[in-house]
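Trainee: I am new to this structure. Could you take one part of it and walk me through that part closely?

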Amino acid sequence: MQLTILGNSGPYPAPGGACSGYLLSQGDTHVLLDCGLGVLARLQEHISLGALSALVLTHLHFDHVSDAFDLAVAMEASGNACPPVFAPETPAPQRALLPAGARFAREFAVGPFSFCLYPARHPVEAYSLVIRCETAKFVFTGDTNWHDGLIEMCQGADLLLADGLFPTEMWQTGLPHLSAAQTAELARDARVKKLVITHLNPNIDPETLLKQARAIRTDAELAHIGATYRV
């Protein structure tokens with residue numbers, strides 16, 4: 001499977017950038033993971049709207065879901081049926097704005113992809129995604145702070161896409177995100193093959209994040225829009 005970074009910012013996009021959005025592809029199956037501000041436009045640089053197989057939302061904060069509110073309109077205007085949408089059930093006001101028929105499941109499949117959702121530690125209902133395709137394992141933490149289940153969830157992953165918004169000096173226990181250093185510790189302890197750090201705050205120096213992560217995991221990378229990874 002192939003992962004393409006469509007957006008990497010949070011809680012708002014950097015100049016010329018986009019918030020959280022990631023395209024997972026295998027053959028003719030294309031699944032969009034999160035759909036924040038700017039993602040719908042960038043999606044069309046890689047596939048047509050009609051080629052989208054499903055949309056999976058980790059949680060309903062606007063930097064992960066705002067472009068999803070327009071998805072049904074975009075599909076109708078382009079002459080396509082809206083694909084299946086998988087999303088948390090709360091918060092209710094945001095859920096009501098999603099395309100009709102959006103549903104929630106802890107386990108489901110889309111084409112060759114099998115999905116398993118694990119609760120994340122975040123201020124709203126939120127999930128991390130463990131996605132398997134044949135023998136490959138891909139984990140997307142979504143937005144989360146540290147919790148006891150992270151290492152087991154990520155164990156042996158071929159690729160870990162992790163929320164590492166904070167530098168070490170800014171991180172606190174009560175905050176809603178991991179630090180970049182913690183994502184490196186997670187990748188090390190879970191014996192992950194590849195670590196990519198995302199959810200980058202435009203106000204935080206990315207080189208600081210990368211330096212702190214690489215002090216623990218020397219091959220850590222930051223997510224860059226347009227980058228692709230084979231899993």
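Mentor: Start with one bridge. Leu 160 has its bridge partner in strand 11, and that partner is Leu 195. This is a predicted model, so read every contact here as a feature of the prediction. Leu 195 and Leu 160 belong to a wider pairing. Strand 10 and strand 11 run parallel, and 4 bridges join them.

Now look at Leu 160 again. Val 139 has Leu 160 as its bridge partner in strand 10. That brings in strand 9. Strand 9 pairs with strand 10 in the parallel sense, over 3 bridges.

Move on to strand 8, residues 127-133. Strand 8 pairs with strand 9 over 5 bridges, in the antiparallel sense. One bridge there has Cys 133 partnered with Ala 136 in strand 9. Strand 8 and strand 9 form a hairpin, with 2 residues between them. Glu 134 sits in the turn and has a positive phi of about 55 degrees.

Step back to the whole sheet. It is open and has 7 strands, in the order 6-7-8-9-10-11-12, with mixed pairing. Its edges are strand 6 (107-110) and strand 12 (221-222), each of which pairs on one side only. As a general point, strands of a sheet pair through backbone hydrogen bonds, either parallel or antiparallel.

Strand 9 deserves a closer look. Of its 5 residues, 5 are buried, so the strand is mostly covered. Ala 136, Phe 138 and Phe 140 point one way from strand 9. Lys 137 and Val 139 point the other way. Residues on both sides are buried.

Just past this strand comes a loop. Thr 141 is found in the loop between strand 9 and helix 5. Thr 141 has 0% relative accessibility, so it counts as buried. What does Thr 141 touch, leaving aside its neighbours within four places in sequence? Its contacts are Ala 120, Tyr 127, Ser 128, Leu 160, Leu 161, Ala 162 and Asp 163. Leu 160, from our opening bridge, is one of them.

Next, the rings. There are 5 aromatic pairs. In one of them, Tyr 22 and Phe 140 meet edge-to-face, 5.1 Å centre to centre, with 65 degrees between the planes. Tyr 22 lies in strand 2 (residues 21-26) and Phe 140 in strand 9 (residues 136-140), so this pair ties together parts 118 residues apart in sequence. Tyr 22 and Phe 140 are both buried.

Another pair joins Phe 108 and Phe 115. Their ring centres are 4.7 Å apart and their planes lie at 10 degrees, so the pair is stacked. Phe 108 has 12% relative accessibility and so counts as buried. Phe 115 is buried too, with a relative accessible area of 3%. Ring pairs also link Phe 86 with Phe 108 and Phe 115 in a cluster.

Return now to strand 10 and strand 11, and see what packs there. Helix 6 spans residues 180-189, and 7 of its 10 residues are buried, so the rest of the structure largely encloses it. The buried ones are Ala 180, Ala 181, Gln 182, Thr 183, Ala 184, Leu 186 and Ala 187. They pack against strand 10 (159-163) and strand 11 (195-198). They also pack against helix 5 (150-154) and helix 7 (206-214). After helix 6 comes Arg 191, whose phi is positive, near 55 degrees.

Definitions and conventions:
Residues are numbered from 1 along each chain as its sequence is written. This is a predicted model: local features need pLDDT of at least 70, side-chain atom pairs count only at pLDDT 80 or more; totals for chains, interfaces and linings use all residues. Side-chain values use heavy atoms; hydrogens and water are left out. Buried means under 20% relative accessible area, exposed over 50%, partly exposed in between (1.4 Å probe, protein chains only). Contact means heavy atoms within 4.5 Å. Two strands pair if DSSP finds at least two bridges between them. Rings of Phe, Tyr and Trp (its six-membered ring) pair if their centres lie within 6.5 Å; planes under 30 degrees apart count as stacked, over 60 as edge-to-face and the rest as tilted.
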